[in-house]
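Q: Please take one part of this structure and look at it closely, setting it in the context of the chain around it. I would like a careful, connected account.

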2 protein chains.
Amino acid sequence: MQAAKQRSWNRRLEAKQKRIEKMKGITSNRIIPTHQIVEALETLIMPGDRVVLEGNNQKQASFLSAALAQADPKKLFNLHMIMSSISRPEHLDLFENGIADKVDFSYAGPQSLRMAQMLEDGKLAMGEIHTYVELYGRLFIDLIPSVALVAADKADSAGNLYTGPNTEETPTLVEAAGFSSGIVIAQVNELVDELPRVDIPGSWIDFVVVADQPYQLEPLFTRDPRHITDIQILQAMMVIRGIYGKHGVKSLNHGIGYNTAAIELLLPTYGESLGLKGKICKHWALNPHPTLIPAIESGWVESVHCFGGEVGMEKYVAARRDIFFTGHDGSLRSNRTLCQLAGQYAVDLFVGSSLQIDEAGNSSTVTRGRLAGFGGAPNMGHDPGGRRHSSQAWLDMMTDTNPLARGRKLVVQVVETFQNGNKPVFVESLDAVGAKKDIGLETAPVMIYGNDVTHIVTEEGIAYLYKTDSMEERRQAIAAIAGVTPIGLKHDVKKTEKLRREGLIALPEDLEIRRTDAKRSLLAAKNVEELVEWSEGLYEPPAKFRSW
Amino acid sequence: MQAAKQRSWNRRLEAKQKRIEKMKGITSNRIIPTHQIVEALETLIMPGDRVVLEGNNQKQASFLSAALAQADPKKLFNLHMIMSSISRPEHLDLFENGIADKVDFSYAGPQSLRMAQMLEDGKLAMGEIHTYVELYGRLFIDLIPSVALVAADKADSAGNLYTGPNTEETPTLVEAAGFSSGIVIAQVNELVDELPRVDIPGSWIDFVVVADQPYQLEPLFTRDPRHITDIQILQAMMVIRGIYGKHGVKSLNHGIGYNTAAIELLLPTYGESLGLKGKICKHWALNPHPTLIPAIESGWVESVHCFGGEVGMEKYVAARRDIFFTGHDGSLRSNRTLCQLAGQYAVDLFVGSSLQIDEAGNSSTVTRGRLAGFGGAPNMGHDPGGRRHSSQAWLDMMTDTNPLARGRKLVVQVVETFQNGNKPVFVESLDAVGAKKDIGLETAPVMIYGNDVTHIVTEEGIAYLYKTDSMEERRQAIAAIAGVTPIGLKHDVKKTEKLRREGLIALPEDLEIRRTDAKRSLLAAKNVEELVEWSEGLYEPPAKFRSW
């Protein structure tokens with residue numbers, strides 16, 4: 001007992017104070033001169049540190065990541081990087097340059113090819129792949145950061161931050177480092193005397209640096225309606241009638257994709273014709289999708305809580321304060337952690353898409369040679385075992401008369417039976433199984449597990465998997481809508497009638513949908529210009545989406 | 001399209017501004033005079049409003065709840081209350097007095113008897129019962145609050161709040177109302193010129209009122225080691241050796257209870273003798289339990305993230321900054337939302353207890369005539385379907401060779417076969433089934449579902465349920481450790497040997513534990529005074545725990 005008593009219990013704080021002391025040569029306050037950022041990082045970070053680098057879905061701490069990649073690997077090495085998104089080339093340069101050697105992450109979309117190659121070449125040590133919120137959770141348990149590098153719009157001289165529409169994950173990363181004697185460094189687009197509002201208090205921030213250019217921000221959730229196909233419209237009609245309408249789905253999440261954009265754009269037309277307004281799609285956990293504008297303007301939507309912002313939607317959001325979460329300044333307050341929590345527990349339905357689905361309904365977006373990670377989908381695309389409240393749609397999934405039976409979340413996969421390039425979506429075995437072996441993962445990187453999926457929708461029809469009683473019945477229902485893929489070809493078409501009669505599958509005609517009605521003319525907006533019109537000019541699309 | 005265009009999109013904001021305008025008769029700034037709080041609430045709240053009232057596990061907005069209960073029911077009625085915890089008599093007086101008529105909540109421990117009676121008498125309309133984080137999630141989706149009534153330690157004149165060790169759920173409630181044009185009113189213990197740190201920015205807060213006395217705060221997580229029994233020590237030895245040690249559990253959550261207090265107090269003695277230090281119990285999601293002090297002082301614990309604070313632990317926490325999350329001022333930063341998120345996704349094990357368990361392992365704390373709700377247990381006590389990262393303990397639960405097999409969370413129930421009063425814990429049917437009918441709930445209020453439970457520990461032994469292949473085998477394993485309860489008596493003792501051989505159950509002797517060794521002398525601290533000694537006098541127990 002005596003020996004233990006002599007240890008210091010404030011080692012992290014003492015280390016922090018020492019590093020801050022050394023900063024006196026660079027700055028006398030909390031503002032780091034822009035041109036001295038590399039030197040500052042070499043002073044504030046130590047070899048072996050756990051560094052959380054903000055790379056959201058959209059907003060990137062791009063000035064800080066570029067600066068870190070320029071550090072001298074003789075001074076900074078063995079860093080353990082924690083990044084929710086590996087999006088920029090320099091995120092991987094850190095490993096090529098010998099500055100970092102280990103990574104824990106969630107999503108590596110844009111860098112998935114290089115990432116897989118570097119892993120194979122032994123150029124980086126893999127920690128684990130997570131969903132966003134899983135990774136955030138670990139920041140408070142066993143991945144407590146030594147340093148957080150984050151991005152904000154504006155700061156004042158006291159270090160208070162304005163993150164506005166793109167608040168995203170910034171408060172969570174700052175809380176993890178700032179309250180564990182870690183060092184928090186924020187890049188900002190500008191220093192101002194007065195902030196529109198405070199998103200993160202200055203007492204949580206150690207240093208601020210004005211970036212040489214605004215942080216990188218991608219309009220990831222903008223889908224131009226021009227690219228929506230008739231097949232996507234057919235599927236959207238099936239979803240609206242055969243799932244949202246049938247079960248009375250009032251709260252939901254939509255992700256990125258033309259499939260879900262088509263659904264959003266059919267609510268004011270096809271949805272209206274079915275008399276579903278006010279009965280479905282009232283409460284949303286999703287980013288401010290431009291394709292949701294017509295549904296909002298037509299009075300379908302009561303509320304939208306956002307993971308992040310969307311470039312061009314700022315004025316529209318500020319003018320629709322009853323719908324969106326905004327600060328007293330009128331601009332959006334997004335929050336990735338809280339929106340994922342809401343998307344997991346408080347909404348009734350998740351809809352996603354996939355590159356591959358096996359005969360049991362397991363799905364994956366891994367393809368050989370690419371390691372894309374998970375992002376947020378698995379967090380929302382499963383039946384949350386800790387949910388206890390009920391709703392109409394949730395109860396509608398209850399097929400059991402056991403006195404302890406409960407409802408479940410609707411987890412919907414919408415796919416066409418073949419991807420671009422004529423690759424079948426329905427496959428005997430997921431590429432994820434091969435990736436597990438190639439990369440040496442402990443488990444195969446499955447995005448959504450089959451036992452969580454309640455519905456699969458293809459251009460052939462809907463499989464109501466929640467109604468199936470056995471794995472065999474489940475396989476049959478999936479095969480019946482899998483077209484001429486290897487899985488679909490296994491299907492005994494004689495069983496189709498029985499599956500339809502029992503309501504385990506529905507073809508478009510069973511839903512009173514004529515394939516010939518599935519036309520682009522049904523879309524409430526057929527292009528970006530019409531979205532702008534619906535918004536009364538408030539939506540300001542980025543240049544690359546403007547064609548007029 | 002034209003009609004929709006004419007609607008106002010800022011109705012909530014306009015309503016808020018009107019109410020704030022009316023406050024000019026009461027205050028010219030954001031500080032409400034203490035004696036005018038009832039009048040202020042009658043001005044700021046309108047009939048039919050959704051009011052979220054802070055009642056954490058520990059901290060209660062007691063001044064505001066008492067004031068609201070004094071409102072004139074001719075002015076304020078039909079309120080829809082949202083309360084994570086229904087703890088104080090006036091929480092239910094609101095319904096008796098005709099001010100509120102509907103409630104959504106998580107936990108009603110201290111008021112569970114009256115709550116059930118009022119429901120039966122039709123004096124309140126039940127919304128839904130949630131876990132804490134489920135309820136928080138709904139605040140951003142379909143239970144967006146009109147008004148939030150919260151509690152903080154200190155405010156400055158700009159409305160910035162210091163919530164310190166008892167931050168708990170305050171930031172989440174404030175974010176939900178403050179960013180949806182709701183009205184946020186904070187009671188504080190004192191107004192100061194300078195805060196130790198800012199926990200919640202003033203721009204999120206509308207009004208502050210200095211309470212007539214400090215908010216209610218209960219030392220809920222303090223367990224006096226004097227009350228720990230030899231049976232609890234025996235069970236704790238089994239848990240340490242047969243679960244934590246066997247599976248290498250490094251990160252975990254403990255709740256309230258003498259069972260888990262016993263485990264904490266055996267780490268530096270029995271755990272040390274097994275050579276487990278550094279191999280188990282390094283990272284914790286739990287409140288600052290006084291009974292964890294000896295394990296911390298002996299170097300077992302690397303980190304603790306807290307849901308809330310604990311009365312008397314302030315100085316100890318401030319002196320152990322490497323272990324706890326603290327602000328630059330040295331005091332704890334708790335956060336119920338983030339700690340629940342971490343407890344769900346980032347820790348490997350949850351351990352709980354229960355009043356009833358059925359033959360399939362489903363458990364409930366509902367007893368006839370009492371409606372206690374769920375609190376946080378179901379959120380942590382289930383296998384999170386959205387988890388994708390692996391760890392030693394998680395992988396150890398994998399019993400399947402399927403290429404898509406994954407690990408799972410360890411969910412442990414520790415119970416004695418009989419409760420106080422000689423009521424069997426293992427029962428044929430849970431009282432929750434009756435409660436479902438009595439109260440008219442849509443589903444039975446099950447705390448932890450059997451299919452999530454990996455281990456049950458009784459004074460008889462451990463059932464390793466994760467290893468069972470069928471419901472029949474599961475029932476046998478549970479019955480084998482259920483003693484002479486109705487479930488235990490069904491057990492064919494001839495099967496016991498087979499279950500032991502196959503590792504489906506373990507008796508103390510199988511774990512090399514002698515029942516006669518399970519003595520209080522093994523506890524690292526036998527009373528509160530010894531906890532204070534271990535803490536070098538830093539722990540300052542509340543008066544009711546002092547006996548010296």
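A: What follows looks at one helix of chain A, then at the chain as a whole and at a few single residues.

The model is a predicted one, and the part chosen is helix H6 of chain A, which runs over residues 112-120. The buried residues of this helix are Ser112(A), Met115(A), Ala116(A), Met118(A) and Leu119(A). Because these residues cover an arc of only 165 degrees around the axis, they lie on the same side of H6(A). The cover over them includes helix H5 (89-96) and strand E4 (100-107), together with strand E5 (125-129) and helix H16 (431-439), which belong to chain A as well. After H6(A) comes Gly122(A), a residue with a positive phi near 70 degrees.

The helix belongs to a chain with 20 helices and 19 strands, in which buried residues make up 66% of the 548 residues. A compact globule with 548 residues would have a radius of gyration near 24 Å, and the 25 Å of chain A therefore agrees with that expectation. The C-alpha trace spans about 80 × 55 × 50 Å along its principal axes. Of the contacts in chain A between residues at least 6 apart in sequence, 73% join residues at least 24 apart. The chain exposes about 18,200 Å², with carbon and sulfur atoms supplying 48% of that area, while the mean positions of its 60 positive and 68 negative charges are 3 Å apart.

Elsewhere in chain A, Ala176(A) sits in helix H8, residues 170-178. Its relative accessible area is 0%, so Ala176(A) is buried. Leaving aside residues up to four places away in sequence, Ala176(A) touches Leu139(A), Phe140(A) and Pro145(A), and also Phe325(B). For Leu139(A), which is 37 residues away along the chain, the separation between its C-alpha atom and that of Ala176(A) is 5.9 Å.

A positive phi is also found at Cys281(A), where the value is near 55 degrees in a residue other than glycine. Cys281(A) lies in the loop between helix H10 (258-273) and strand E11 (283-285) of chain A, and with a relative accessibility of 0% it counts as buried. In chain B, Cys281(B) has a positive phi near 55 degrees and is placed in the loop between helix H10 (258-273) and strand E11 (283-285) of that chain; Cys281(B) counts as buried, at 0% relative accessibility.

Methods. Residues are numbered from 1 along each chain as its sequence is written. Chains are lettered from A and ligands numbered from 1 in the order in which they are written. This is a predicted model: local features need pLDDT of at least 70, side-chain atom pairs count only at pLDDT 80 or more; totals for chains, interfaces and linings use all residues. Side-chain values use heavy atoms; hydrogens and water are left out. Buried means under 20% relative accessible area, exposed over 50%, partly exposed in between (1.4 Å probe, protein chains only). Helices (H or I, at least four residues) and strands (E, at least two) are DSSP runs, numbered from the N terminus. The arc is that of the directions from the helix axis to the C-beta atoms. Contact means heavy atoms within 4.5 Å. The radius of gyration is taken over C-alpha atoms; the globule rule is 2.2 Å times the number of residues to the power 0.38. Accessible areas come from the Shrake-Rupley method with a 1.4 Å probe; for residues, only the protein chains shown count as cover. Lys and Arg count as positive and Asp and Glu as negative; His and the chain ends are not counted. The place of a charge is taken as NZ of Lys, CZ of Arg, CG of Asp or CD of Glu.
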